[in-house]
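User: I'm new to this one and would like to know what stands behind the labels people put on it. Can we go through them together?

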Amino acid sequence: AAGTGEFEAGISKNGQTREHALLAFTLGVKQLIVGVNKMDSTEPPYSESRFEEIKKEVSSYIKKIGYNPAAVAFVPISGWHGDNMLEVSTKMPWFKGWNVERKEGKADGKCLIEALDAILQPSRPTEKPLRLPLQDVYKIGGIGTVPVGRVETGILKPGTVVVFAPANLTTEVKSVEMHHEALQEAVPGDNVGFNVKNVSVKELRRGYVAGDSKASPPRGAADFTAQVIV
């Protein structure tokens, strides 16, 4: 938010701008767009110097986190008035457009929607072994035990014989659903519920990891490397 005092609050030590950028990087979000909103509330309205000040400060911060500012589009916008959202605004003639440079190629544009369209679709790690950490386990009347979680790697299909680590429980997947629709396969990024045979709700718990019992199932490790951000 570009308004007087608003940006300062967001970028301060415990501000949300800092928090959201750090969270995004921590969660593995590789691509970023910075929409500098409320440009109509700057002093004077639609101030170029205010935009440049914010761009400079945010660039410096996201670089410290691990992002490359050259690959990040900075777009001055007003959501309230629709400036530079879908169409080029006449209120900011000084803004010549955003441009990004990355190893996959360059991109440029004037509006926020163009910056969104320039986001590169991430590749889904479907070729890796199945890993699905459980977020919850439900007992649904007439269906049975339904673990729920997001596929991190690999593919989950009905008929797969899965093993749950660390309990080492093995069972067959009867069906896979997402948003109340049956799936023939679930890929990384899909939040799914899947019905399993002959396993009670009490035997499974949040944090268990499902894998394919026949293809590199999850096993205990002597040690592991982790990135921990406190």
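User: What makes residues 144–209 a named stretch?

Analyst: The name comes from UniProt, where an unreviewed entry places "domain: Translation elongation factor EFTu-like" at residues 144–209. In this predicted model, that stretch is 0% helix and 48% strand, and its end C-alpha atoms are 19 Å apart.

User: And which residues does UniProt list for "domain: Tr-type G"?

Analyst: That one, also from an unreviewed entry, covers residues 13–118. The span is 33% helix and 17% strand, with its end C-alpha atoms 31 Å apart.

User: Why is Val75 called buried?

Analyst: Buried means under 20% relative accessible area. Val75 has 0%, so it counts as buried. Val75 belongs to strand β2 (residues 73–76), and its contacts include Val34, Phe51, Phe95, Trp98 and Leu112.

User: How do you know that the largest pocket lies between domain 1 and domain 2?

Analyst: Look at who lines it. Domain 1 (6–118) and domain 2 (131–212) both give residues to the lining, so the largest pocket lies between them. The centres of the two domains, taken over C-alpha atoms, are separated by 39 Å.

User: What is the volume of the largest pocket, and which residues are closest to its centre?

Analyst: Its volume is about 980 Å³. There are 33 lining residues, and Gly28, Val29, Lys30, Gln31 and Pro122 are the closest to the centre. By class, the lining has 19 nonpolar, 6 polar and 8 charged residues. Strand β3 (residues 98–102) gives the most to this lining, with 4 residues.

User: Why is His180 exposed while Ser216 is called partly exposed?

Analyst: Exposed means over 50%, and partly exposed runs from there down to the 20% limit for buried. His180 has 78% relative accessibility, so it is exposed. Ser216 has 44%, so it is partly exposed.

User: What about the phi values of those two?

Analyst: Most residues other than glycine have a negative phi. Phi of His180 is near 65°, a positive value, and Ser216 also has a positive phi, near 45°. His180 sits in the loop between β8 and β9 (181–183), whereas Ser216 is in the segment after β11 (209–212).

User: Where are the cis peptide bonds at Pro44 and Pro166?

Analyst: One joins Glu43 and Pro44, with omega about -10°, and Pro44 is in the loop between β1 (33–36) and α3 (48–65). Another joins Ala165 and Pro166, with omega about 5°; Pro166 is in the loop between β7 (161–165) and β8 (169–178).

Conventions: Residues numbered from 1 in each chain as written. Predicted model: local features only at pLDDT ≥ 70, side-chain atom pairs only at ≥ 80, totals over all residues. Heavy atoms only, no water. UniProt positions renumbered as here; feature names shortened; annotations may be inferred. Helix = DSSP H or I, 4+ residues; strand = E, 2+ residues; numbered from the N terminus. Buried < 20%, exposed > 50% of the residue type's maximum accessible area, 1.4 Å probe, protein only. Contact = heavy atoms within 4.5 Å. 1 Å grid on protein atoms, 1.4 Å probe; cavity = no way out; pocket = protein on both sides within 12 Å on 5 of 7 lines; lining within 4 Å. Points joined across faces, edges and corners; volume = space filled by probe spheres on them. Nonpolar A, V, L, I, M, F, W, Y, C, P; charged D, E, K, R; others polar. Domains from an automatic or database assignment. Lists of a residue's contacts leave out its neighbours within four places in sequence.
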